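Work through the exercises below with the sequence and the structure at hand. Try each task before reading its solution.

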Amino acid sequence: MTPQDAHPISSRGSGAEQIPTRMPTANRPQNAGKTVNGDTSRLESVAKVTGAAKYGRDMQAPGMVWVRGIRCPWGNARLIGHDADAAKAVPGVVDVVVTGDTGEYNGDAVGYLLAENKLALSRGLRALRARWERLPCRTGIDAREAVLSVSDKAENALLFADHVLEAEYSTPVQTHSALETHGMMIDHQGDAAVVYASTQGTFAVADEIASFLSLPRNKFEVRCEHVGGGFGAKFQIGKEGAFAGNVASSLKRPVYSFCDRKEEHLDTGNRPSALVKVRVGFSKDGTVLGGQIGVWGGVGVATRGGDAAIPSGRYEFGVIERSMTNVSFNGGAPRAMRAPGHPQGAFAEELMLDEIATIAGVDPLELRIRLDKDETKARQAMYRLGAEMIGWKDRQPTGSQSGVVRRGFGVGSTSWRALRGPCDIEIAVHRDGSAELRTGTQDIGTGQRTACAVLAAERLSIPLELVSVAIGSSRLPNGPASGGSVTSPSSAPAVLAAAADAERQLMEIVAQQIGGAGTDYRLRNGKIVRGEEAVMGWNELCRRLPSESLVGRGTWDGRGSPYFQKGNSNGVQFVEVEVDSETGVVQVKRVIAFQACGRIICRKTAESQIIGGVIQGISYALFEDKLLDRQTGAMVNPNLEWYRILGANDMPTIEPVLWMDAEQTGVRGLGEPPVVPTAGAVAAAVFNAVGTPVRSLPIRPDRVLAAVEAAAVAGVAKGGAS
Amino acid sequence: MNPFALLQADSVAEASAAAKDVRLSVLKAGGMDLLDLMKEGIAEPTQLVNLRTVRDPALRTIEAGRIGALATLADIARSDAVRASAPVIAKCAASAATPQVRNVATAGGNLLQRPRCWYFRNEQFNCLKKGGSTCYAVDGENRYHAVFGPGPCHIVHPSNLAVALLACDGVVSLAGGERATLPIAKLFHMPDRGIRDESNLEPGEVITSIAYSPAPVSGFFVVKERQSFDWPLTMAAVALKLDGRRIASARVCAGAVAPVPWSLPLVEKALQGVALDDEAALRAACAKSIDGAEPMRDNAYKLKLLPVAIRRAIADAAGAKEGQ
């Protein structure tokens, strides 16, 4: 493959000029017209690509002790012996702590070992010679045990149906696979400590680690200046954090405890597997009358958290009866993962819709337009515009193609309820004219730091270069954990309030200097103006500050701000695939991702969120699968070699389209909604190309080949009958 | 990873002697595979003998018909001499791994890399290759395992380059032992002829170069699950001799289907005299590739892929011919 063959990620759809980007002025908050800042790159981008940015994992301290868990190698096993003395005899091994003897899944920890260096750590674990007795284990949901019982109400709905679809859809366990693994380095200095954590919740870590450190909150700080991804798995400190906390407080020494890639796959959470069984009835034109949907969620050793969001509520499905069962097995417990429950539900729902459309002989896009309940009508517009952009008119009827390479089109939808939480922000303005925004929340790679700086600069009406951001510290003002897509929408109102407070104080200084009241003046384009008249420059004002700095404070309790946008963020994604019917290889060629998201603070980072969601969605559709050996329960692919993540050659052209509804003027989060529909749309596109649905993720070549074969057999049977 | 001694060899003779004399001594070229093995605790050498410090330019020279053992995959991929004399070899080298790996991995190291079987590579599975008594793939997760061979171990050979060289009747030159040369066809053995290792090299034997027969009409096709940085599900390499638009003779070899690079003499025979545009005859010949295959529970799909890969490799070779 030559560079010319590589698919660019386009930042603008071909139909971008048709998209409404202007907001009405009637309810536009102050400065709204300028806050679409398209050209700003992440403030830390140079530091990240040069390696200057230090992650928690990069932190080391003199005298640091290393920790690693003693982990069960099998799905279910009992520790029947180990040689702690031999492990302790290894030079550099500090201690061995064994706290249990039962491992209920591969990666389950029964204690930990600590050593002066990394080499001693691995040699110590080897010398420990942990001997495990393997016990029978269960490695996932057994589809035969999952019986769909159809209620009377559902049966009644089916009575009037022209067709009934019975199908089983399944999705694998997906791991978060963040680039930076879980863990922390605690620089413990006896009576004080700094905790360098890889987290998506600075203050959550502070709360949790406090009980281990036995230090008052004013004696330790949690820091996470740069975080290499979280995706929902990094709210809690985990076992690796608990080990570090225990060791740091007992030894009063710096401790390093980060998972390796294997531990990361095994024991830091996952998106649970799901089995969805449907029995739904529909009329001749595809109108869904109702039926029964059963969800079984594979939650590992947990007992809850396995639900899949089907029906999503986006489509009119008539009378749907629903059951949900959590299925425990010998695997790691799930944690929240980017739109928990939704991609697995959307996979089943979107593919089911395409199957219904095909049986009824109607266009699946037309069916969605008919069934979609979107009250804002945003998705209705997206369906029509997207169809033009992707060339839906070129779509061949499902099952009609017989060439080697077959082209397929799919579509899926998303909606996400906007959430938020309380947030405090400080903005310090210094005598030299620079400003520092302070927020304790974290930037897990999403661009939060940049968004805060852009908003502050806009509101203060000063160049972005003057604003720096201190982020990711429990010593900084309180901010939200990054979950539920809340970070931007929670921060924005507080940033604007802090900037407004700084302006108010600054204008009072102006009034003291040159007369009048503070309210006579305001900031505009780097100057202080009264009416249209410039009375002072920004730098001159700052030089006149009575002390080194002035601090504006903004607090938002999460209620009633024009800068937060209530309601649902709607989206639609169109997917075009090519399927090689002889090899079963699927290549996604193009994705158009519409996403409503309220007011955009920084176009580049917003588009980046959408592109990232689509990439993760395709990866889920085609590759990712935490595979447990059916005999032993051990994960056979605990690496990034066989646990495949979408790579450069697999990347389609992705065209994010930021959709601004006319009435949306506040800020919303974008982390989760774009990952919801992708896998379902890919599956629908593959079905369109091949003619038989692949109802299990990942859509591997062997599964596609089986579908191609089934379609050929069905085609022959059909031909024979007619 | 355990501490080890590192010997920076000045000559092949020194390297060979060191490898022979010291127990658990391992020869290291690019070190790509060795690093993985050591990190997972599969290889625990007490001494690493670095071949890359040997300055002899012959070890790195590439010419039409011969490749130095220390030439990198990137060198091979961009060599005009290889691309003209045996395009299949250059293409296989170019398709392996990632640019970063290809810049470091060597021809010799690529041939002698250990299998990627996930039971072999995961420390806790004491499989047959590690002295255990079970091949976990038999009743376990075997979708990427071999469809040919009697066992008892069901690895697939990981080197695409070896398959291409086999199709070009490659012969390795050896130093440090009794033999001066060994055909690629005899470089590897099936698991029933020795399960702990894959090659027939004796301790201290060092590959210095690989000779191959010119194969200007040659090509390959690889099926990968992921198109970036992935191992083949199945691949095929062919070298053709043409008589006009007819195949006078063919060498047809497959990868990722057997514990060794896999020759397909039945297909070679069936291809003799077949016209390149006789689609039906080509299909019939390629269909013979799966004769004798014994798939496991989850890898029968490879039997669908293999004839396709060969057919496309023939098309690739014919295309290479037309490109000249």
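**Exercise 1. The contact between the chains**

Find how many residues chain B and chain A each bring to their contact, and how much area is buried between them.

Solution. Step 1: chain B takes part in the contact with 38 residues and chain A with 43 residues. The model is a predicted one, and these totals use all residues.

Step 2: about 3400 Å² is buried between chain B and chain A, and carbon and sulfur atoms give 48% of that area.

Step 3: on the chain B side, the residues that lose the most area to chain A are B:Gln124, B:Glu225 and B:Arg226, together 18% of what that side buries.

**Exercise 2. Charged and polar pairs across the contact**

State how many salt bridges and how many residue pairs in polar contact are counted between chain B and chain A. Then describe the side of chain B that touches chain A by element and by class.

Solution. Step 1: the count of salt bridges between chain B and chain A is 13. A salt bridge joins the side chains of A:Glu582 and B:Arg312, at 2.9 Å from N to O.

Step 2: 22 residue pairs are in polar contact between the two chains, with both residues at pLDDT 80 or more.

Step 3: at least two residues of the chain B side come from each of helix 8 (118-121), strand 9 and helix 12 (301-323) of chain B. Helix 12 of chain B gives the most to this side, with six residues.

Step 4: sorted by class, the side of chain B that touches chain A holds 17 charged, 14 nonpolar and seven polar residues.

**Exercise 3. Backbone features in loops**

Which peptide bonds, ending at A:Pro311 and A:Pro698, are cis? Where do A:Ser214 and B:Phe229 lie, and are they buried, partly exposed or exposed?

Solution. Step 1: the bond from A:Ile310 to A:Pro311 is cis, with omega near -5°. A:Pro311 sits in the loop between strand 13 (288-298) and strand 14 (319-327) of chain A.

Step 2: the bond from A:Leu697 to A:Pro698 is cis, with omega near -5°. The loop holding A:Pro698 runs between helix 15 (678-690) and helix 16 (701-721) of chain A.

Step 3: A:Ser214 has a positive phi, near 50°, and is not a glycine. This residue is in the loop between helix 5 (202-213) and strand 10 (220-223) of chain A. A:Ser214 counts as exposed because its relative accessible area is 61%, and the cut-off for exposed is over 50%.

Step 4: B:Phe229 also has a positive phi near 50° without being glycine. Its loop lies between strand 9 (218-224) and strand 10 (232-243) of chain B. With a relative accessible area of 44%, B:Phe229 is partly exposed.

**Exercise 4. Buried residues**

Decide whether B:Gln47 is buried or exposed, and say what its side chain meets. Then name the residues that touch the most other members of the largest nonpolar core.

Solution. Step 1: B:Gln47 belongs to strand 3 (residues 47-50) of chain B. B:Gln47 is buried because its relative accessible area is 12%, and buried means under 20%.

Step 2: the side chains of B:Gln47 and B:Ser25 are joined by a polar contact of 3.0 Å. Beyond four places in sequence, the contacts of B:Gln47 include B:Phe4, B:Leu7, B:Val22 and B:Leu24.

Step 3: the largest nonpolar core has 85 residues, and A:Tyr169, A:Phe574 and A:Ile699 touch the most other members. A second, separate core has 75 residues, among them B:Ala86, B:Val88, B:Ala164 and B:Ala309.

Key. Residues numbered from 1 in each chain as written. Chains lettered and ligands numbered in written order. Predicted model: local features only at pLDDT ≥ 70, side-chain atom pairs only at ≥ 80, totals over all residues. Heavy atoms only, no water. Core = buried A, V, L, I, M, F, W, Y, C linked by side-chain atoms within 4.5 Å. Buried < 20%, exposed > 50% of the residue type's maximum accessible area, 1.4 Å probe, protein only. Helix = DSSP H or I, 4+ residues; strand = E, 2+ residues; numbered from the N terminus. Contact = heavy atoms within 4.5 Å. Buried area = accessible area lost by both parts, 1.4 Å probe. Salt bridge = Lys/Arg side-chain N within 4 Å of Asp/Glu carboxyl O. Polar contact = N/O pair within 3.5 Å; in protein donor to acceptor, adjacent residues only side chain to side chain. Nonpolar A, V, L, I, M, F, W, Y, C, P; charged D, E, K, R; others polar.
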